[in-house]
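Here are a few friendly notes to read alongside the coordinates. I have kept them in numbered points, moving from the cores to the strands.

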Amino acid sequence: MISLLQSDFPIKNLGELSFFLGVEAIRNDEGVYLSQRYYILDLLLHSKMDKSRPSVTPMSTSPILNKSDGAPFHDPHLYRSIVGGLQYLSFTRPELAFAIHKVSKYMHDPKEPHWVAVKKILRYLKETISYALLIQLDHLLQLQTFNDVDWASDQDDRRSIGAYCVYLGKNLISWSCK
């Protein structure tokens, strides 16, 4: 394939993929694991959460976040920086889509409870830093989709939250939470 492409385009073969745009590709007999372990370490260091205690869940289910509760967060730039980093991290961590969606809604005016929720996500990342997305060979090319909607659950604007994931065979190929 590379020689065919080289006949039409000027390309260079850099060998097998190992690290690209913050995503580490680890090959073994099962397939390719896509991990952002080093990116998570940088995020934990940047937020000064590298020595925090780990958490087994990314978000608490009991407190409900809204735009008016709590005092303003003292460093909105830090909040935006960390939440933006979390958004990029969701590339290989689909289980974080809902939690990141929730904290992203308050980037324009973060409050202390919003920062507490972000710290909970970071503590979860510390616990699950070795998690990776597995892409494996699958001869069954069956496309499956799953979705979920929480009708008018947002306390601030009464909008619905919808999420979906798409599998091609055993491989998760697309997901979203909005």
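1. In this predicted model, the largest nonpolar core is made of 25 residues. Those with the most contacts inside it are Y79, I82, L86, V103, V118, L122 and L125. Four helices each contribute at least two residues to this core: α2 (37-46), α3 (76-89), α4 (97-104) and α5 (112-127). The largest share belongs to α5, with seven residues.

2. I82 is a good place to centre your view. Setting aside neighbours within four places in sequence, I82 is in contact with L43, H46, S47, W115, V118 and L122. Of these contacts, V118 and L122 are also listed with I82 among the residues that have the most contacts inside the largest core.

3. Please look at the second nonpolar cluster too. Apart from the largest core lies another one, of 10 residues. Its members include L133, I161, L172 and C177.

4. Now to the strands. β5 (residues 143-150) and β6 (residues 161-168) run antiparallel and are joined by eight bridges. Within this pairing, F146 of β5 stands opposite C165 in β6.

5. β6 also pairs with β7 (residues 171-177), again in the antiparallel sense, over six bridges. Here Y167 stands opposite L172 in β7, and L172 is also one of the residues of the 10-residue core.

6. One last spot to check is the turn of the β6 and β7 hairpin. Two residues lie between these strands, and G169 takes a positive phi near 65° in this hairpin.

How values were computed
Residues numbered from 1 in each chain as written. Predicted model: local features only at pLDDT ≥ 70, side-chain atom pairs only at ≥ 80, totals over all residues. Heavy atoms only, no water. Core = buried A, V, L, I, M, F, W, Y, C linked by side-chain atoms within 4.5 Å. Buried < 20%, exposed > 50% of the residue type's maximum accessible area, 1.4 Å probe, protein only. Contact = heavy atoms within 4.5 Å. Pairing = 2+ DSSP bridges.
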